[in-house]
Amino acid sequence: MKDNRPVNLDLLTIKQPLPAITSIFHRISGFLLFIFAALLICALDQSLSSKEDFLALKETLSGGVVKLIIWVVLSALIYHLV
């Protein structure tokens with residue numbers, strides 16, 4: 001008996017159905033939220049500790065790269081909730 005099933009182990013060439021793609025993105029967004037939730041809680045703790053720490057955090061968060069990271073985290077939160 002000969003097995004004629006195709007063998008394709010390259011996951012990038014396999015056409016995934018839409019539910020599989022949304023499931024993968026849901027897991028990625030959940031992982032991002034898990035990682036960045038700890039960082040956001042640390043930033044909240046720092047901002048509430050003193051006025052100087054709040055001003056230092058405000059200056060740090062005004063950078064372009066940090067704004068992009070915050071946008072990615074908020075996008076992941078919105079996608080994960082939807």
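These exercises, with worked solutions, deal with a predicted model.

**Exercise 1. The pocket**

Task: Find which residues line the largest pocket, and sort them by type.

Solution:
- Step 1. Start with the volume. The largest pocket has about 260 Å³.
- Step 2. List the lining. It is made of Phe36, Leu39, Leu40, Ala43, Thr60, Leu61, Val66, Ile69, Ile70, Val73 and Leu74.
- Step 3. Sort the lining residues. Of them, 10 are nonpolar, one is polar and none is charged.
- Step 4. Assign the lining to helices. Helix 1 (18-49), helix 2 (51-61) and helix 3 (64-81) each supply at least two lining residues.
- Step 5. Pick the top contributor. Helix 3 gives the most to the lining, with five residues.

**Exercise 2. Two serines in one helix**

Task: Decide whether serine 29 is buried or exposed, and name its contacts beyond four places in sequence. Then do the same job for serine 47.

Solution:
- Step 1. Place serine 29. This residue is found in helix 1.
- Step 2. Check its accessibility. Serine 29 has a relative accessible area of 4%, so it is buried. The cut-off for buried is under 20%.
- Step 3. Look for contacts, leaving aside neighbours within four places in sequence. Serine 29 is in contact with Ala76, Tyr79 and His80.
- Step 4. Place serine 47. Helix 1 holds this residue.
- Step 5. Apply the cut-off again. At 16% relative accessibility, serine 47 counts as buried.
- Step 6. Follow the side chain of serine 47. It reaches the backbone oxygen of leucine 44 at 2.8 Å.
- Step 7. Leave aside neighbours within four places in sequence once more. Serine 47 is then in contact with Phe54 and Leu57.

**Exercise 3. The aromatic pair**

Task: Work out what kind of aromatic pair phenylalanine 25 and tyrosine 79 form, and which helices hold them.

Solution:
- Step 1. Count the pairs. The structure holds one aromatic pair.
- Step 2. Read off its geometry. The rings of phenylalanine 25 and tyrosine 79 are 6.5 Å apart, centre to centre, with 85° between the planes.
- Step 3. Name the type. Planes over 60 degrees apart count as edge-to-face. The pair of phenylalanine 25 and tyrosine 79 is therefore edge-to-face.
- Step 4. Locate the partners. Phenylalanine 25 lies in helix 1 and tyrosine 79 in helix 3, so the pair ties together parts that are 54 residues apart in sequence.
- Step 5. Check the accessibility of each partner. Phenylalanine 25 is partly exposed at 46%. Tyrosine 79 is also partly exposed, with 34%.

**Exercise 4. Sequence and space**

Task: Set the separation in sequence beside the C-alpha distance for isoleucine 78 with serine 29, and for leucine 81 with threonine 13.

Solution:
- Step 1. Take isoleucine 78, which lies in helix 3. Its relative accessible area is 57%, so it is exposed.
- Step 2. Pair isoleucine 78 with serine 29. They are 49 residues apart along the chain, and their C-alpha atoms are separated by 9.1 Å.
- Step 3. Take leucine 81, which also lies in helix 3. Leucine 81 is exposed, at 67%.
- Step 4. Pair leucine 81 with threonine 13. The separation is 68 residues in sequence and 29 Å in space, C-alpha to C-alpha.

**Exercise 5. Before helix 1**

Task: Describe asparagine 8 and aspartate 10: where do they lie, and are they buried or exposed, or in between?

Solution:
- Step 1. Place asparagine 8. It lies in the segment before helix 1.
- Step 2. Grade asparagine 8. At 41% relative accessibility, it counts as partly exposed.
- Step 3. Find its contacts, not counting residues up to four places away in sequence. Asparagine 8 touches Thr13 and Ile14.
- Step 4. Turn to aspartate 10. This residue, too, lies in the segment before helix 1.
- Step 5. Grade aspartate 10. Its relative accessibility is 40%, so it is partly exposed.
- Step 6. Add a distance. Aspartate 10 and leucine 32 are 22 residues apart in sequence and 25 Å apart in space, C-alpha to C-alpha.

Methods. Residues numbered from 1 in each chain as written. Predicted model: local features only at pLDDT ≥ 70, side-chain atom pairs only at ≥ 80, totals over all residues. Heavy atoms only, no water. 1 Å grid on protein atoms, 1.4 Å probe; cavity = no way out; pocket = protein on both sides within 12 Å on 5 of 7 lines; lining within 4 Å. Points joined across faces, edges and corners; volume = space filled by probe spheres on them. Helix = DSSP H or I, 4+ residues; strand = E, 2+ residues; numbered from the N terminus. Nonpolar A, V, L, I, M, F, W, Y, C, P; charged D, E, K, R; others polar. Buried < 20%, exposed > 50% of the residue type's maximum accessible area, 1.4 Å probe, protein only. Contact = heavy atoms within 4.5 Å. Phe/Tyr/Trp six-rings, centres within 6.5 Å; stacked < 30°, edge-to-face > 60°. Polar contact = N/O pair within 3.5 Å; in protein donor to acceptor, adjacent residues only side chain to side chain.
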